[in-house]
Amino acid sequence: MTGASEQAQSVQTDDAAQHTGGFRASFDVTTERGGQSYGEMVEQVRTFMDKVRYASPTPDLADEVIDDLKKLNAKLDTMLVDEWTSPSGTRIDLPSRGNITLPPYEILDGGPEGVEATVTFRRFHLGGNGVAHGGHVAIAFDDLGGMAAALKLGGVARTGYLTVHYRSLTPLETPLAIRTWVERFEGRKYFVRGTLYDGDRLCAEMEALFIALKPGQA
Ligand SMILES: CCCCC/C=C\C/C=C\C/C=C\C/C=C\CCCC(=O)SCCNC(=O)CCNC(=O)[C@H](O)C(C)(C)COP(=O)(O)OP(=O)(O)OC[C@H]1O[C@@H](n2cnc3c(N)ncnc32)[C@H](O)[C@@H]1OP(=O)(O)O
């Protein structure tokens, strides 16, 4: 494992281009950043969050966990890099490109015709009564809808609006089929649709507007 400064140096960046055109002027795809254990580190944190969601610790155990977490936070404090050079969101070899804030999905196919993926909502994505929180469903649609728009336009887009129609309950810990595609576009406006299925059962549908950013636009 290399230190933060070595890692930052190993990533090719262009300061002039980095901050033009929204999230990133050119979307970085990497498989190296953060090293070979980065995905497993993220997965362990997800597992921890699953357990936190359902744990009812004694005060003593909570204090013990707090101490352990403080140590872990201090470790990561020695390795912080900026948004543009962190592995999160760029690691195309990992679920959700290594972005821990997203429900973990795996891309099966992606291109101008759309994106097909498998998403698995975790125990910590619980809304109530054992099924997923609707907001987490919307996050999955937002990211994969944004990806469909990006792959169609060959650039970066921001969400103008996003509507989710919740058709039936969305289970946790079950690989679900999620699909997003650009239905039509008018100038910078990309109208994106999406579906989420548990087997043959439709859980949710999405309709969204993604707006292509102009050069230099944040
Ligand atoms: C297969 C392996 C693939 C590997 C990976 C490879 C590539 C991946 C590439 C990409 C990355 C992947 C995933 C994507 C990641 C993330 C997606 C999430 C995106 C977000 O989560 S992003 C956060 C939420 N988002 C905002 O934070 C937006 C706040 N907002 C603004 O920043 C401005 O609002 C802006 C810039 C959007 C527009 O501003 P502006 O000034 O440039 O343009 P303007 O206002 O003129 O709008 C132009 C035309 O859109 C119409 N319009 C605008 N808004 C509308 C609305 N709400 N409803 C209906 N129409 C609307 C106007 O009416 C006009 O229409 P017309 O031209 O017809 O008059």
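Let's start at the ligand: 22 residues surround the ligand, and the closest are Gly110, Gly146, Met147, Ala150 and Gly160. Four elements give two or more residues each to that shell, as listed here.

| Element giving two or more residues to the shell | Residues |
|---|---|
| Strand 1 | 105-111 |
| Helix 5 | 134-153 |
| Strand 5 | 157-166 |
| Strand 8 | 201-212 |

Keep in mind that this is a predicted model.

Which element gives the most to the shell around the ligand? That would be helix 5, which puts in five residues. As for chemistry, the shell around the ligand splits into ten nonpolar residues, six polar ones and six charged ones.

Zooming out, the protein has five helices and eight strands. Follow the chain along its sequence and the pattern reads α-α-α-α-β-β-β-β-α-β-β-β-β.

Now for the annotation. An unreviewed UniProt entry places the feature "domain: Thioesterase" at residues 129-201. In the model, that span, residues 129-201, is 27% helix and 47% strand, and its end C-alpha atoms lie 19 Å apart.

Last, a word on the packing. How much of the protein is made up of buried residues? The figure is 25% of the 218 residues. Taking the contacts in the protein with a separation of 6 or more, 67% are accounted for by residues 24 or more positions apart.

Key
Residues numbered from 1 in each chain as written. Predicted model: local features only at pLDDT ≥ 70, side-chain atom pairs only at ≥ 80, totals over all residues. Near = placed C-beta within 6 Å. Nonpolar A, V, L, I, M, F, W, Y, C, P; charged D, E, K, R; others polar. UniProt positions renumbered as here; feature names shortened; annotations may be inferred. Buried ≥ 20, exposed ≤ 12 C-beta atoms within 10 Å, placed from the backbone. Contact = placed C-beta atoms within 7 Å.
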